[in-house]
Amino acid sequence: MSSTTVIVNARIRTADRARVPDGAVVRDGTVIALGTSAEVRKLAGAGAEVLDARGATLEGAGGEPVARGTTGALVLRGADGAVVARVG
């Protein structure tokens, strides 16, 4: 059975500085979509866990940018840089 987490209301750090999505879908440890919170909620479907980031920054556990296809641990960091949640 697959595990899907939808992250909404986040500041997602990507390599494209012109576009800062605020939503992501993570399925079985892989980022499968980035977009607005509304877009990713629709993509995830029923039964997905929804995690409200409340403005925290989403990035790779080593500080790397997030992209579609990213695998491994992701972290949400608060304004002070402290990890507030881990995904994957």
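Is R77 buried, partly exposed or exposed? Select the residue: at 22% relative accessibility, R77 counts as partly exposed. The model you are looking at is predicted, and the tour returns to R77 after a walk through the sheet.

**The sheet**

Colour the strands of the open sheet, which has 4 of them in the order 4-3-1-5. Their pairing is mixed. Go to the edges, where strand 4 (30–35) and strand 5 (49–52) stand. Each has a single partner strand, so one side of each has no neighbour in the sheet. Turn the view to look across the strands: neighbours are rotated by 20 degrees against each other on average, direction ignored.

Next, select strand 1, residues 4–8, together with strand 5. The two pair in the parallel sense, over 4 bridges. Within this pairing, pick I7 and look across to strand 5, where L51 stands opposite.

**The loop before strand 5**

Step back along the chain to G45, in the loop between helix 1 (37–44) and strand 5. G45 has a relative accessible area of 39%, so this residue is classed as partly exposed. Now add V6 to the selection and draw a distance between the two C-alpha atoms. G45 and V6 are 39 residues apart along the chain, and their C-alpha atoms are separated by 9.5 Å.

**The salt bridges**

The count of salt bridges comes to 2. Start with E59 and show its side chain along with that of R13; they meet in a salt bridge, at 3.8 Å from N to O. E59 belongs to strand 6 (residues 57–60), while R13 sits in the loop between strand 2 (11–12) and strand 3 (23–27), so the contact ties together parts that are 46 residues apart in sequence.

Switch to a surface view for these two. E59 has a relative accessible area of 10% and is therefore buried. R13, at 26%, is partly exposed.

Keep E59 selected and bring back R77. These two also form a salt bridge, with the closest N and O atoms 2.5 Å apart. R77 lies in strand 7 (residues 74–77) and E59 in strand 6; this pair links distant parts of the chain, 18 residues apart.

To finish, show R13, E59 and R77 together. Which residues do salt bridges with shared partners join into one network? They are R13, E59 and R77. In this last view, E59 is buried, whereas R13 is partly exposed and R77 is partly exposed as well.

Technical notes:
Residues numbered from 1 in each chain as written. Predicted model: local features only at pLDDT ≥ 70, side-chain atom pairs only at ≥ 80, totals over all residues. Heavy atoms only, no water. Pairing = 2+ DSSP bridges. Axes fitted to C-alpha atoms, helices over the stretch in contact; angles between N-to-C directions. Buried < 20%, exposed > 50% of the residue type's maximum accessible area, 1.4 Å probe, protein only. Salt bridge = Lys/Arg side-chain N within 4 Å of Asp/Glu carboxyl O.
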